[in-house]
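Reader: Please give me a close look at a single buried position and the elements around it, following the contacts outward. I would like each term explained with its cut-offs as you go.

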Amino acid sequence: MTDPIADYLTRLRNAIKASHRIVEIPASNIKKEITKVLHDKGYIQNYKFEDNGPQGTIKIALKYNPVTKQNAIVSLTRVSKPGLRKYAKHDELPRVINGLGVAIISTSKGVMTDKEARNEGIGGEVLCYVY
C-alpha cells in the first residue's frame, strides 16, 4: 500500500455509503491522530484502538442523524498525496467551505485542524478536507 491515509479515508467513505455503524481500519500513529481530530470536531461518534496483531486496528463508530439517517461526514477529500505533497504556511492555510469544514494539517506539533494551526502560528502538510 503506497498511501495509507488515502486507504483510511476510502474505508470511511465506503462505510458511510454502505450505512455501516462501525468500521475497522488497520492502525498507524497518523491514522490514530486523524481519528482523534475527527472525534474532537464531532464527525465521528466514538473510536477505540485495539492492539491485536502486530499492527492493531482502529474501530470507529460513525455518527448519523437519528431523524434523517444522514452521516455527519458529507465529504472526505485527500489533498496531499505521496506523488505531490501540499504544504501551506500558517497564513496560507486553506479554509474549507468558509470555515464550516475542517482541513486536517500535519504540523511539527502534531496533527491538528487548520484553525488550531492558524492560532498556533504554524504551517504544515495539508492532509485532507472534511465537511
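Author: Contact here means heavy atoms within 4.5 Å. The model is predicted, so local features need pLDDT of at least 70 and side-chain atom pairs count only at pLDDT 80 or more, while totals for chains, interfaces and linings use all residues. Residues are numbered from 1 along each chain as its sequence is written, and side-chain values use heavy atoms, with hydrogens and water left out.

The position I have chosen is Leu 127, which is found in strand 8; helices (H or I, at least four residues) and strands (E, at least two) are DSSP runs, numbered from the N terminus. With a relative accessible area of 3%, Leu 127 is buried, a word that stands for under 20% relative accessible area, whereas exposed stands for over 50% and partly exposed for what lies in between (1.4 Å probe, protein chains only). Once neighbours within four places in sequence are set aside, Leu 127 touches Ile 5, Ile 30, Ile 34, Thr 77, Arg 78, Val 79, Ser 80, Ile 104 and Ser 106. One of these partners, Thr 77, is 50 residues away along the chain, yet its C-alpha atom is separated from that of Leu 127 by 8.8 Å.

Strand 8 spans residues 124-130, and Gly 124 also has its place there. Gly 124 is buried as well, with a relative accessible area of 12%, and its contacts beyond four places in sequence are with Lys 86, Tyr 87, Ala 88, Ile 105 and Ser 106. The C-alpha atoms of Gly 124 and Pro 26, which are 98 residues apart along the chain, are separated by 25 Å.

Ile 5, Ile 30 and Ile 34, which are among the partners of Leu 127, lead to two packed helices. Helix 1 (residues 4-17) packs against helix 2 (residues 29-40) at an angle of about 40°, with 10 Å between their axes; axes are lines fitted to C-alpha atoms, for helices over the stretch in contact, and angles run from 0 to 180 degrees between N-to-C directions. The two helices are therefore oblique to each other, the word for angles that are neither under 35 degrees (roughly parallel), nor over 145 (roughly antiparallel), nor 65 to 115 (roughly perpendicular). Their crossing is right-handed, as it is called when the near helix is turned clockwise from the far one by less than a right angle, anticlockwise being left-handed. Helix 1 brings Pro 4, Ile 5, Tyr 8 and Leu 12 to this contact, and helix 2 brings Ile 30, Lys 31, Ile 34, Thr 35 and Leu 38. These residues divide into seven nonpolar, one polar and one charged, where Ala, Val, Leu, Ile, Met, Phe, Trp, Tyr, Cys and Pro count as nonpolar, Asp, Glu, Lys and Arg as charged, and the others, Gly among them, as polar.

Both helices also lie across strands. Helix 1 crosses strand 1 and strand 3, running at about 165° to strand 1, while helix 2 lies across strand 1, strand 2 and strand 3, at about 155° to strand 2. These three strands form an open sheet in the order 1-3-2 with antiparallel pairing, two strands being paired if DSSP finds at least two bridges between them. Strand 1 (22-26) and strand 2 (44-50) stand at the edges with a single partner strand each, so one side of each has no neighbour in the sheet. On average, and with direction ignored, neighbouring strands of this sheet are turned by 20° against each other.

Strand 3 (residues 57-62) is joined to strand 2 by six bridges and to strand 1 by five. Within these pairings, Tyr 47 stands opposite Ile 60, Phe 49 opposite Ile 58, and Ile 22 opposite Ala 61. Five of the six residues of strand 3 are buried, so the strand is largely enclosed by the rest of the structure. The hairpin of strand 2 and strand 3 has six residues between the strands, and in it Gly 53 takes a positive phi near 80°.

Ile 104, another partner of Leu 127, stands opposite Thr 113 in strand 7. Strand 6 (residues 102-107) and strand 7 (residues 110-113) pair in the antiparallel sense over four bridges, and a hairpin of two residues joins them.
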